[in-house]
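Work through the exercises below with the sequence and the model side by side. Each task is followed by a solution that proceeds in steps.

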Amino acid sequence: MKNTEVKHQIENMLQDLKKQDKQQYNIVLSLLTEVFVEYNTGKTRNVDKKLYEMIDAEVRFKTQKS
Amino acid sequence: MLIRRIEIENFLSYYDKNIFEFDEGPTIIIGQNNTGKSKLFDAFNWVLYNRAFKTEEEKWYLTRDWGAEIINNLAKKESTTGNTVECSVSILFIDEEENKYYLTREYSIKKIGKKDWDVAKNSELSLTVTDSITNNTNTYYDKDADEQLYSLFPENLSKYFLFQGENISQIMSLNNRSAFNKALTDLSRIEVFERAQRYTSKVLKKIKKEFENKDDVDKELQEKKKRLSEEIDKLTEDLAIQDELFENTCKERDIAKAVYDKKNEELKKNEECAVILREIDYLKKQQQSKNELRQNLLDAQKKDIFDRWMYAGTENIIKGFLNFYKKNKVEKKIPEPIRQEFIKEMLEDQVCKVCGNAAPKGSNEYKKIQGYLNDKALDQEIELINQLSLVADTMFEKVCSISSEIKTFYNKSNSIDIQIKDLQIKIKAKEEELRTIIPADVSEDEIKSKNFAQLQRDRDNAKNDCDKYKLKMEQISFKKEYMRQQLHEKKEKYDSIVESSSNIIEKQRFVLAEKINSSVTQFYTVFLKKLISDIEKETNTYFRKMTEKNIALSGQVKVDYENREVYPVDEAENRLQNINQANKISLQIAFVAAILSVSNKFWRTYFPFVSDAPISALGGNNKLTAVETMIDIFNQSIIVLKDDAVTDDPDSMRNDLIRNMIQNNNHIKNAYELRMNGETLDEQCTNIIKLK
């Protein structure tokens, strides 16, 4: 399975979320893509750490902006 | 993924270099027993996963356990001391983006004595990848090659696309919860979403803790936050305990169900045997009664027939006597008998009533008539002749009827013989039927002595256990639902507290993490629901196709995710009980094929379906339709089938049917027949004939 193909499929599945909440969409898309790569290669990718950082960065960015 | 070619050299039954070419669509390979069919399947397994199946032990072995045995006997026989013999299998395949992969596994041994070999510990693997766009090539060896293979042909999926039909226990195990879960998780890659869910809840937990640990300015709010959070945590923990309890009860129920199935199967088997034995007894009694009937018939007819046989051949003599008598009578050489009363009557009436002339008293005629008066001697003589004639007539009639009576006896006796033979055939068929249910070493007396009441009690106890666990599961479900409601209420309260918190970053982080967690959970639920619905739809299509000639089956297949089971239901959605083994296997194949196909369509990755004897356990009616269905389902299928050309069993798939299918099905571009060459065991090797 090629990662580009997988990303394309996940994007398709997340179309509704994209329309509803772009902020969430970006994080969920990155999360699922990371998990898929981890699943496909059998190598740990510290996904939880990355997810935490994505949420934190998003919140800080939003807070700074406001 | 599309396999273009497999090259097999000196591997098991394959001597020297052998090549099979494949295209998109189906390839059929047929061969009788012991011609190298399973060894071809082994070649796929060996090149991909370093393993081959030992049929006699029903186990997979790695190369190091096979040792010198994995190399073809003839190749070993032809080698000389000090020389090395090598075996290798290579496959050429392409992925969905047309990148080419050439995978080779090699293994070598060195001859050090007449029958002694110096064997290498491991096989060597190499994978050359050619990029379809740049045409660049990269070659990976051993561990690196294995790593590359992991994403192309994951080993955990191998039992579904490298489908070993003869290992029936593996297929049937899909009936239990864990195997159902495994098939679904492995094939659909739903694990990706489960994993994502685990990560989001882990991160949410961490963020929640940070939010709670940071004191709010409002002390009361902080207090409330802490208390509610503890309550939520406790409820969540309790719910998780209940979940675990539910899962464990499910497992216990599965074990109890397996025991029940086994006991029920045992009882049914014994009952079936008892019925057959009763039928055999009945048939044997009938046979005995027919034997007696034949004996009685012979006894009754024997004396009569033997008596009559004594007259056999006298027919012509008697016929001659009668002809002689009749001739003399016609020629009037035998006088007609005249009764004395009739003579007296003629004298009184004075007329000859024989010739009609008048015979007045005193005339010559009168005197002539008078001459016959009192001539009793003549009367008696004629009477005697007549009696003799009558006896001769009767004798002739009886002698003539001898042959027809013997014929009647023969017919009766023959009809009884036919009935006895028919009964013998029926008894033999029943005895064979009995042996298909019980092993040859179990005697009929052993079956007759079975305690059915005990077997029934055991079965009923196992059923009670199942019901007990079912009830427990219902109670847990009820409890879980109640706890979920409570949790929901508490979470709502908690959310209102979160709103009021003054710790902006922690609060927003928590809100976002919760949203993401909820989105992923919802996403997982929706995906799972759609997945199950798609799988159910395709399982139904495939199962219907495979069993279309089976009029006994109607209705739908239910993929019951709640209970992790797949079973047929009738039109009123009631579960169908007692479906036969062949249909059970068809159902398993249809289910696996459906998950594989749905998953393939979703992820746009197509595994080739390589299968060894996928239909060996199916009944006659399902066989051809099962093959045709597999051909339709997969983008590429390589199906190895047993060729039972010499089998008389009517339930076996007829050789001409499969050969007709090979010739007439336009989708089949490649077909091979395998034969075994060589007289002795160490000379035998597979010979490949291209049929199409």
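**Exercise 1: A helix and its cover**

Task: Find how many of the 10 residues of helix H11 of chain B are buried, and then look at what comes just after this helix.

Solution: Keep in mind from the start that this is a predicted model. Begin with helix H11 (residues 340-349) of chain B, which is hardly covered, since the count of buried residues among its 10 residues is 1. Then step past the end of the helix, where B:Gln350, just after H11(B), takes a positive phi of about 55°.

**Exercise 2: Two helices that cross**

Task: Determine how the axes of H8(B) and H16(B) cross.

Solution: Two packed helices are described by the angle between their axes and by the distance between those axes. For H8(B) and H16(B), the axes come within 9 Å and cross at roughly 160°. Because angles over 145 degrees count as roughly antiparallel, H8(B) is roughly antiparallel to H16(B). The next step is the hand of the crossing of H8(B) and H16(B), which is left-handed. Finally, sort the residues of the contact of H8(B) with H16(B), which divide into 13 nonpolar, 5 polar and 7 charged.

**Exercise 3: The nonpolar cores**

Task: Locate the largest nonpolar core and say which residues have the most contacts inside it.

Solution: The largest nonpolar core has 82 residues, and those with the most contacts inside it are B:Phe11, B:Ala43, B:Ala590 and B:Ile595. The largest share of this core, 11 residues, comes from H17(B). Now take B:Ile595 by itself: leaving aside residues up to four places away in sequence, B:Ile595 touches B:Ala183, B:Leu184, B:Leu187, B:Ser188 and B:Ile535. Apart from the largest core lies another, of 28 residues, which includes A:Ile27, A:Val59, B:Phe193 and B:Ile516.

**Exercise 4: Chain A and its contact with chain B**

Task: Describe the make-up of chain A, and then work out which elements of chain B touch chain A.

Solution: Chain A has 4 helices and 0 strands, and along the sequence the pattern reads α-α-α-α. Of the 66 residues in chain A, 23% are buried. Turning to the contact between the chains, 28 residues come from chain B and 26 residues from chain A. On the side of chain B that touches chain A, the elements giving two or more residues are helix H4 (142-152), helix H8 (191-213), helix H16 (504-546) and helix H17 (581-603) of chain B. As a last step, divide the residues of that side of chain B by type, which gives 14 nonpolar, 5 polar and 9 charged.

Key. Residues are numbered from 1 along each chain as its sequence is written. Chains are lettered from A and ligands numbered from 1 in the order in which they are written. This is a predicted model: local features need pLDDT of at least 70, side-chain atom pairs count only at pLDDT 80 or more; totals for chains, interfaces and linings use all residues. Two residues are in contact if their C-beta atoms, placed from the backbone, lie within 7 Å. Ala, Val, Leu, Ile, Met, Phe, Trp, Tyr, Cys and Pro count as nonpolar, Asp, Glu, Lys and Arg as charged, and the others, Gly among them, as polar. A residue is buried if 20 or more other C-beta atoms lie within 10 Å of its own, exposed if 12 or fewer, and partly exposed in between; C-beta atoms are placed from the backbone. A nonpolar core is a set of buried Ala, Val, Leu, Ile, Met, Phe, Trp, Tyr and Cys residues joined through C-beta atoms within 7 Å. Axes are lines fitted to C-alpha atoms, for helices over the stretch in contact, and angles run from 0 to 180 degrees between N-to-C directions. Angles under 35 degrees count as roughly parallel, over 145 as roughly antiparallel, 65 to 115 as roughly perpendicular and the rest as oblique. A crossing is left-handed if the near helix is turned anticlockwise from the far one by less than a right angle, and right-handed if clockwise.
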